[in-house]
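Ready for a few short exercises? Have a look at the model below, then try each task before reading its solution.

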Amino acid sequence: MWPLGREATTGDPAAHRFGLNDRASWWDDPPVRPGRGPHKIGWPIFALAFVLPFLIPATRGLVVDSGPLGIRILLGVLVYAYCACYAVFPAVFGKPRRMKLWFGGVMLVLGLACALATDANPYVLLYATATLAFLFPAAWSVIFNGTALGLLVLVLWLRGDLSEHVSDVITVVSVTSAMFFMSNLIRAIRRLELANKEIATLAVASERERVARDLHDLLGHSLTTITVKSGLARRVLESSGDIDRAVQEIREVEGLSRSALSDVRATVTEYREVSLPAEIAGARAALRAAEIEAELPHAVDNVRAELHSTFGYVLREAITNVLRHSGAKAVKVRLGRDWMEIEDNGCAEGEVTPGNGLRGLSERLAAIGGTVTTRARPGGGWVVRAEAPEPSPDGAAVAVRAEPAGGLA
């Protein structure tokens, strides 16, 4: 996993680092996408134009030199091998780090040899230092280039040529530093590109979770109510043949189906707003159809207005679970300013494994700093309680939303 993935688990936005203030970025390079970096075919052509100002005078000097032929051939091999390294270094970009380190070490040695053994200008070393600034992570670049520049200064000082070339050395150090920061700017951009891809992936996953949760909340309740009312209509027709009552139930089923379809459409376009009074009315109709005695509040004025939508979800999920699983004969709903409690007398006992509905409610309440708790009721049954915090006196209350934070990313 990319370092962003590791740091994201800390939950600290300040933990995300993309530049040289992150220790890991000194030693590791971000993955390189195929096709990125210097062109493996086009670069040698440009490289030739860069090395010719050094290669032509060096070749001419070796040809006209009157020294031993073997020494001149050896120096020629060093010069052309050094230039060849500069021309082919893009081919090493995607290779393992060990190969890169060997390549960089050999290129620096060749560069030092060309700069010192041929009495060339210290500028010659720039081909190697600039290449390594882009090829290596920041720490390795500092180690290799710093060592090479230090050796260059030391040899020039021992030979007594340092004062003559001090301005050239300063220029080489300055250009190398500029290449170093430019290469790390490119790395930071690559890290940000990868981070943006990961953020987009997480946003898609979050949106999928939101839609799945909302569809569960909507369709779970609506389809359960439709099933109950359809069963009631069937029983009416089978037992008493009361066509008028059966038709009334089927009409309500049709209305519920249309409402569910409308809610699904609104969910995927993010325009749905759940109303606590409407959910209480829907719960009363669903429980009546299931022949469950219901004790529901007639008003919600005592509930904080910003909690109506969230408590509407809680009531919807709790009533759905009562209809599906509890086998209860009575349900009681109580409301307070910042709490809601749904109690049934069903057969649930002991621990119950939370399903998608309870997990979704926990996410909704957690988004506003609240909690959802469940417990067994003495004598059988189940109690679901939702609580939300009171706003702080200084006004720094947790913002209450119908969706969890990040759900609309």
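Here are three exercises, each with a worked solution.

This is a predicted model, in which local features need pLDDT of at least 70, side-chain atom pairs count only at pLDDT 80 or more, and totals for chains, interfaces and linings use all residues. Residues are numbered from 1 along each chain as its sequence is written, and side-chain values use heavy atoms, with hydrogens and water left out.

**Exercise 1.** Compare the expected span of helix α11 with the distance between its end C-alpha atoms.

Solution. Start with the helix, a DSSP run of H or I with at least four residues, numbered from the N terminus. The expected span is 1.5 Å times one less than the number of residues. For the 19 residues of α11 (residues 308-326) that gives 27 Å, and the end C-alpha atoms are 25 Å apart, which agrees. Next, look at the surroundings: 16 of the 19 residues are buried (under 20% relative accessible area, 1.4 Å probe, protein chains only), so α11 is largely enclosed by the rest of the structure. Finally, Gly-327 follows α11 with a positive phi near 70°.

**Exercise 2.** Find how β4 and β5 run relative to each other, and how many bridges join them.

Solution. Strands are DSSP runs of E with at least two residues, and two of them pair if DSSP finds at least two bridges between them. Six bridges join β4 (residues 371-376) to β5 (residues 382-387), and the strands run antiparallel. Val-372, for instance, stands opposite Ala-386 of β5. Five residues lie between the strands of this hairpin, where Gly-379 has a positive phi near 90°.

**Exercise 3.** Decide whether Cys-85 is in a disulfide or in none.

Solution. A disulfide needs two cysteine sulfur atoms within 2.5 Å. The nearest cysteine sulfur to Cys-85, that of Cys-83, is 9.2 Å away, and Cys-85 is in no disulfide.

Notes. Buried means under 20% relative accessible area, exposed over 50%, partly exposed in between (1.4 Å probe, protein chains only).
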